[in-house]
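Reader: I'm new to this one and would love a close look at a single part of it. Could you pick one chain and walk me through how its pieces sit together, in plain words?

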Amino acid sequence: MNTVIFRTVAPGIAALMLVFSIFVLLRGHNEPGGGFIGGLIGASGLAVYGIACGVAEVRRAMVIHPIVLAGFGVFIATLAGLMPLFVDAPFLTGLWWIFELEGQEIALSTPLIFDIGVYAVVVGAVATIALTLENDEEHY
Amino acid sequence: MASPYESLDLPPAMIESATPAADWVVVWPVALALVGAGLLVMLRGRRDMQVAFAAAFVAAIVVSNIYLVMRVFEAGPLAMTMGRWLPPFGISFAADMTGALFSLAASVSALVVVFYAQSEIDSREHRFGFYPLLLLLLGGVCGSFLTGDVFNLYVWFEVMLISSFGLIVLGGRKVQLDGAVKYGFLNFLATSFFLMAIAYLYGLTGTLNFADLASKADDLPLGAMLTVAALFLFAFGMKAAAFPANAWLPASYHTPAISVSALFGGLLTKVGAYAAIRVLMVVLPEGRLMLEPVIAAVALATMLLGPLGALAQTNIRRAIGFLVIGGIGALFAGLALGTQHGIGGAVLYATHSILTLTAFYLAAGVVEKMSGTQDIRLMGGIYAANAPLSIVFVVLVFAVAGLPPFLGFWPKLLLVEGGVRAGQWFLVAGLLLNSLLTLMAASRIWAHVFWRNGPEGERSEQPNTMLRALTGAEKRYALGSTVVLVALIVVLGLFPNWLFTASGMAGFDMLDPTRYIDAVFAEVNRP
C-alpha cells in the first residue's frame, strides 16, 4: 500500500472521515447515526492514515494513546449516567437543556455526553486494535 | 416558539415521582466500577495512583454493598428502573437479599485481592491494565448479581467474560494462552446457549424483566417451558463448571497470576450458580420442578467428582480448582431441593465459598511464592519455614470442608437439614460425602505441603533447600491480606446469626418473589 497516490490522498481521506464521524455522532439522537457508527468511521480514518503513513506517525498525531481515549469514553459515559442523581431521577435518565441560538434550536443533553463517551470508546478501542495489527515490530 | 418536545405525550411510559438518592445504592457497585475502570485506563502510566485509586474504588463498592445489604435487611428488595422508563420497558436493577449478599461477598474478595496483587503484579502487567480489568470484572460480577433483567444479565456476563479474558492472558506466557483458549471456548459456547434461551423466552413471553417474567412464564406450555429451562440450566451449569461441563475450570484457572486465579475461583463460577438459581427459581419454577431429577443428579456428580479430582492432583492450584467445582455441586444441591432451607443454604454456601476459595487461592499463592513451584510434591517442609502460614492454611482446610465452627459448616447444616426435611436422602449423603472427600483432599494438600519435611521421596530430616523466605513486601501484602481474609472467615463462622437471618430472607424471597416483583413494579402499581 505504499504507492505515491495513496500516501498523497490518505491524509485528506483521514481528515474527511474524522470530520464526517463527528457529523454522524452529532446527528445521532433522532436520525440515523450516533456514537457507535461515528466511532467506527473515525477509527477507520485513523487506520487509513496508519496504513499510508505508518503507525508511529498516527501515534504521534494522536498525542495520547488510543486506549486512554477509550477509558475517557467509559468515564464520561458513566458520569453522564450519574447526572440525574442531582434531580432525583433514576440512573441514566436523559436530561435535556434546550435553548435557542440565533433562531436555531439547540438541544444539549446527557444522552449526547453518553454518546460522545461511546464515540470515544469505539474510536479508542478500535484504533488500539487496528494500530496493533498494522504494527510490524513489537511495540507497546 | 413552542418546542416540539413539549407536545410529546410522555407520562404513560415514564416514572413521574422522584427517586430518592438513597435508592441509588443498587447501581453504585456497577457505576463506581465503570467510573473507576475508565479513570484507571486514563492513568495507565501512573503505577502509584493505579493502586491507590483501585483500592479506593473497590472499598467504595464494598461500602455501598454493605449499605445495600442493610437496606434490604430493613425494607426488603430494592429496585430502580433506568432512565425513568416504567418497567418492564426500562432496564431494571433489583436487589433482594440473594443478589445483595453475593455482591457484598464478591466485592470483599476483590478488595483483598487488590492488596494481595501488590506483591506480584509487575510493571508490565500494570501497563496492560491489571487494575482497570479487575474493576471491570467486579462491575460485571456485581451487575450480574444486581440486574433485574435477563438480557441485561447476559450483558454483564459479557463484561465479566471480556475482562476475565484480559486478566487470564495478562503476562502472556504460553501456558496462559493455552488456558485462555479452553476457558474462552467453553464460556463462549455457554454464552451462546444462554443467548438462545433468552431468545426463546422472549419469543414465548414478550418480556425480559425478571419480575414481569415471573408473572407471565407460568402460563407457558409445558414443553416450551421445559426446553427453555433446560437450555438455561445447561448454559449456567457450564458457566458454573458443574459436571459434566467442568473440565475447562481446572484446565485454565492455574495459569494466570495467583491474584487472578483467586478472583476467578472466588467470583466467576458463583455467577453461573446465581443465575441458575435466579432464573430457575423466580422465572421458571415449574421448569425447575420438572428438571429436579436432572439438577439433583448433576449436583450429586459434581459434589463427588470435585473433591475426588482434587485428591488426584499434584498441582496445588488445579487441586483447588477441583474444590471450587465441589462447592458448585453443593450450590446445585440447594437448587435441586428448591425449599426454604435449600435456597437459603445455597445462598449462604455461595457467600462462604466466594470468601473461602479466594482465601484458599491466596494462601496457595503464598506457598507458591515460597517454593517457586505449583507442584505439591516439591513443596514439603513449609511448616518449619513459616508456621503462621500453616495455621492460616489449616483453618482454610477446615473451612472449605465445612467443619464447625468455621464458616463452611453453617450452610452445609442448612442444606443437610433441607435435604432431610425433603426426604432427599441421596443429596444428604452426597453433601456429607462431599464434606468428607473435601476434607481428605484439602488436608492431603496441607500434609504434603506443610508436614512433609522435604520434596517427595526425600528421607532426610534436612529442611527443604528449595524454599526461600518471603520478602518484606510479600509478607506485608500477600501474607497480610490472606490473614485478614481468613480472620474475617473465622469471625463470620463464629458469629453466623445475621448470615442465617439473611439467608432465610434470601430463600423466602426466592420461593415467593412477591416482594421482589412489588419492588420492581412499585411505580406501575402506585395509585
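Author: Here is a walk through chain B, with a short look at its partner at the end.

A bit of housekeeping: this is a predicted model, where local features need pLDDT of at least 70 and side-chain atom pairs count only at pLDDT 80 or more, while totals for chains, interfaces and linings use all residues. Residues are numbered from 1 along each chain as its sequence is written, and chains are lettered from A and ligands numbered from 1 in the order in which they are written.

Let's start where the two chains touch. Chain B puts 24 residues in contact with 22 residues of chain A (contact here takes C-beta atoms, placed from the backbone, within 7 Å of each other). On the chain B side, helix 1 (28–42) and strand 1 (78–81) are the elements that give two or more residues. Helices (H or I, at least four residues) and strands (E, at least two) are DSSP runs, by the way, numbered from the N terminus. Helix 1 of chain B gives the most to that side, with eight residues. Sorted by class, the chain B side has 16 nonpolar, five polar and three charged residues (Ala, Val, Leu, Ile, Met, Phe, Trp, Tyr, Cys and Pro count as nonpolar, Asp, Glu, Lys and Arg as charged, the others, Gly among them, as polar).

Now zoom in on strand 1 of chain B. Its partner is strand 2 of chain B, and the two run antiparallel, joined over four bridges (strands pair if DSSP finds at least two bridges between them). You can trace the pairing residue by residue: Met80(B) sits opposite Phe93(B) in strand 2 of chain B, and Thr81(B) faces Ser92(B) in that strand. In strand 1 of chain B, Leu78(B) and Met80(B) point one way, Ala79(B) and Thr81(B) point the other way, and all are buried (20 or more other C-beta atoms within 10 Å means buried, 12 or fewer exposed, in between partly exposed, with C-beta atoms placed from the backbone). Strand 2 (residues 92–95) of chain B is covered on both faces too, with Ser92(B) and Ala94(B) buried on one side and Phe93(B) and Ala95(B) on the other.

On to the helices. Helix 3 (residues 97–117) and helix 19 (residues 472–494) of chain B pack at an angle of about 160°, with their axes 8 Å apart (axes are lines fitted to C-alpha atoms, for helices over the stretch in contact, and angles run from 0 to 180 degrees between N-to-C directions). So helix 3 of chain B is roughly antiparallel to helix 19 of chain B (under 35 degrees is roughly parallel, over 145 roughly antiparallel, 65 to 115 roughly perpendicular, the rest oblique). Helix 3 of chain B passes helix 19 of chain B in a right-handed crossing (right-handed if the near helix is turned clockwise from the far one by less than a right angle, left-handed if anticlockwise). Helix 3 of chain B brings Val112(B), Phe115(B) and Tyr116(B) to this contact, and helix 19 of chain B brings residues including Tyr477(B), Ser481(B) and Leu485(B). That contact has seven nonpolar, two polar and no charged residues.

A second helix pair is worth a look. Helix 6 (residues 150–169) and helix 11 (residues 258–283) of chain B have axes that come within 12 Å and cross at roughly 165°, so helix 6 of chain B is roughly antiparallel to helix 11 of chain B. Here the crossing is left-handed. Among the residues that meet are Leu153(B) and Met160(B) from helix 6 of chain B, with Phe264(B) and Leu268(B) from helix 11 of chain B. The tally for this contact is 11 nonpolar, one polar and no charged residues.

The loops of chain B hold something too. The peptide bond from Phe243(B) to Pro244(B) is cis, with omega near 5°, and Pro244(B) falls in the loop between helix 9 (222–239) and helix 10 (248–252) of chain B. The bond from Pro404(B) to Pro405(B) is cis as well, with omega near 5°; Pro405(B) belongs to the loop between helix 16 (387–401) and helix 17 (409–422) of chain B.

Last, the partner. Chain A has five helices and two strands, in the order α-α-α-α-β-β-α along the sequence. Of its 140 residues, 39% count as buried.

Technical notes. Two residues are in contact if their C-beta atoms, placed from the backbone, lie within 7 Å.
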